[in-house]
Amino acid sequence: MRITGLLKRRKQELPGVIGTARVGGPEPELLRRLRPGDVVVLDHVDLDGRTVDRIVAAGAAAVVNAAPSISGRFPVLGPERLLRAGVVLVDGTGPEVLCAVRDGARVRVHEGAVHEGERELARGTCQTADTVADQLVEARTGMVAQLEAFSADVVEFLRQERALFLEGVGLPELDLDLHGAHVLVVAANGDAEGHLRSLRGYLCEHRPRLVGVEGGADLLARCGYQPDLIVGDPSTVSQETLRCGAVVVVPAHHDGYAPALDRLHDLGVEASSVASEANPEDLALLLVDHQGAAVVATVGFGGSLEEFLDRGRTESRPSMVVTRLKLGAKYVDARTVAAVHRRGVPTWALVVLLGVAVVVLLAALVLSGAAGVYLAELGAVGGEVLSWLGAVVA
């Protein structure tokens, strides 16, 4: 018994992060399987901020990346966000780590190495804030080449999606009247919850129609709001939110097949589909624009050049630019709305102010000794009014 206890203590005292390994496979499925304390093992070149947001939200303790998290082509936001959240990042272990680490195994990550028990399974580079900062400085030199390549991507994207994006062909007519309305579109990226809280005054005053993009629908529900429209893969949205009565639209393949519709039918939820390769955020913007929205504010979309380049899916960048050009002046980021919005004086404040004025007036009358005169006058006027009312009734 004593020897066993000693061995257990020695095992617990081993340095590093210990957790259950979640290995590879399709990335959306891998991210859905994450639980607090897990060690994520994936193969993701240029780890983008949106993927990292989901890893951090799941409570993962470490990320082991077979590929370089910063390839140098352009600056990405993921590694920096990961380290800021206190998640260990081991980089560039090579693809063999996906076979060497068993899914569900208890592993330990320490100083760039992955161990199972006493055996080392893989080794890479343990990233720190300093190493990531140095790589991002070098990566910024690659932005020019990326932007040059992007222009060709836009031309190809418009060739394939011209009818949908420019003419609205293929967009469903929704049972949702947005003509002339303010619309708030929410995606669960970055500090979306904080930005949503900063819009309380805007939400109370303008009562915008609410659109949740995938996890953004659950974010709205958590903050006490019910979405009017849900767009995206329903597997990323809770069943309770899907059944809240919102209109649901899911993406489909170019042949019109939408696998997500089967799950929604099982839940008893009616839905429409859109055949496009665009990301769900841009589809949501297209839908509300097509329905006649006057102002479209967004939460969790991002707008800086680095956020644009950080998009995890290359094909989403052309749709992002084309969509925002199509919406034009009606498109505005929530951070701008929060900065310029000034809430009107609330009713309760006016009532309090009026009450204070009455109290001050009465106090002034009492102190001046003229209160009796005014009360007598009010009594006389009141008597005349009562006499007049009596004559009218008679």
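This report describes the predicted model of one protein, moving from its overall make-up to its sheet, its cores and its charged pairs.

**Basis and overall make-up**

The model is predicted, and for that reason local features are reported where pLDDT is at least 70 and side-chain atom pairs where pLDDT is 80 or more, while totals for chains, interfaces and linings use all residues. Residues are numbered from 1 along each chain as its sequence is written, and side-chain values use heavy atoms, with hydrogens and water left out.

The protein holds 18 helices and 15 strands, where helices (H or I, at least four residues) and strands (E, at least two) are DSSP runs numbered from the N terminus. Of its 394 residues, 42% count as buried; buried means under 20% relative accessible area, exposed means over 50%, and partly exposed lies in between, with a 1.4 Å probe and protein chains only. Among contacts between residues at least 6 apart in sequence, 65% join residues at least 24 apart, a contact being heavy atoms within 4.5 Å. The protein exposes about 20,600 Å², of which carbon and sulfur atoms supply 58%; accessible areas come from the Shrake-Rupley method with a 1.4 Å probe, and for residues only the protein chains shown count as cover.

**The open sheet**

Eight strands form an open sheet with mixed pairing, in the order β7-β6-β5-β1-β2-β3-β4-β8, two strands being paired if DSSP finds at least two bridges between them. In this sheet β7 (119-123) and β8 (125-126) stand at the edges with a single partner strand each, so one side of each has no neighbour in the sheet. Strand β5 (residues 106-110) pairs with strand β6 (residues 113-116) in the antiparallel sense over three bridges, and Arg108 stands opposite His115 in β6.

**The nonpolar cores and helix α10**

The largest nonpolar core has 30 residues, of which Val185, Val211, Leu229 and Val288 touch the most other members; such a core is a set of buried Ala, Val, Leu, Ile, Met, Phe, Trp, Tyr and Cys residues joined through side-chain atoms within 4.5 Å. At least two residues of this core come from each of α7 (143-167), β9 (182-187), β10 (209-213), β11 (229-231), α13 and α15 (316-327), and α13 gives the most, with six residues. Leaving aside residues up to four places away in sequence, Val211 touches, among others, Val185, Leu220, Leu229 and Val288. Apart from this core lies another, of 16 residues, among them Val23, Ala66, Val97 and Ala105.

Helix α10 (residues 215-222) has Gly216, Ala217, Asp218, Leu219 and Leu220 as its buried residues, and what covers them includes β9, α8 (192-197), β10, β11 and α11 (239-242). Just after α10, Gly224 takes a positive phi of about 90°.

**Charged pairs**

A search of the whole structure finds 14 salt bridges, each defined as a side-chain nitrogen of Lys or Arg within 4 Å of a carboxyl oxygen of Asp or Glu. Three of the pairs are set out below.

| Pair | Closest N to O distance |
|---|---|
| Glu281 and Arg50 | 2.1 Å |
| Arg84 and Glu80 | 4.0 Å |
| Glu120 and Arg123 | 2.9 Å |

Glu281 lies in helix α13 (residues 280-290) and Arg50 in helix α3 (residues 49-58), so their salt bridge ties together parts that are 231 residues apart in sequence. Both Glu281 and Arg50 are buried. Asn189, placed in the loop between β9 and α8, is buried at 15% relative accessibility, and Asn189 touches Arg50, Asp53, Glu281 and Gly300, not counting residues up to four places away in sequence.

Arg84 and Glu80 are four residues apart in helix α4 (residues 78-84) and are thus separated by about one helical turn. Arg84 counts as exposed at 62% relative accessibility, whereas Glu80 counts as partly exposed at 38%. Glu120 is partly exposed at 41%, and Arg123 is partly exposed at 46%. In addition, Arg102, Glu116 and Arg119 are linked in a network of salt bridges.

**A nonpolar patch on the surface**

Leu386, Trp388 and Leu389 make a nonpolar surface patch of about 360 Å²; patches are made of residues with over 30% relative accessible area and no salt bridge, like charges being joined within 9 Å and nonpolar side chains (Val, Leu, Ile, Met, Phe, Trp, Tyr) within 5 Å. Of these residues, Trp388 is found in helix α18 (residues 371-393) and is exposed, with a relative accessible area of 55%.
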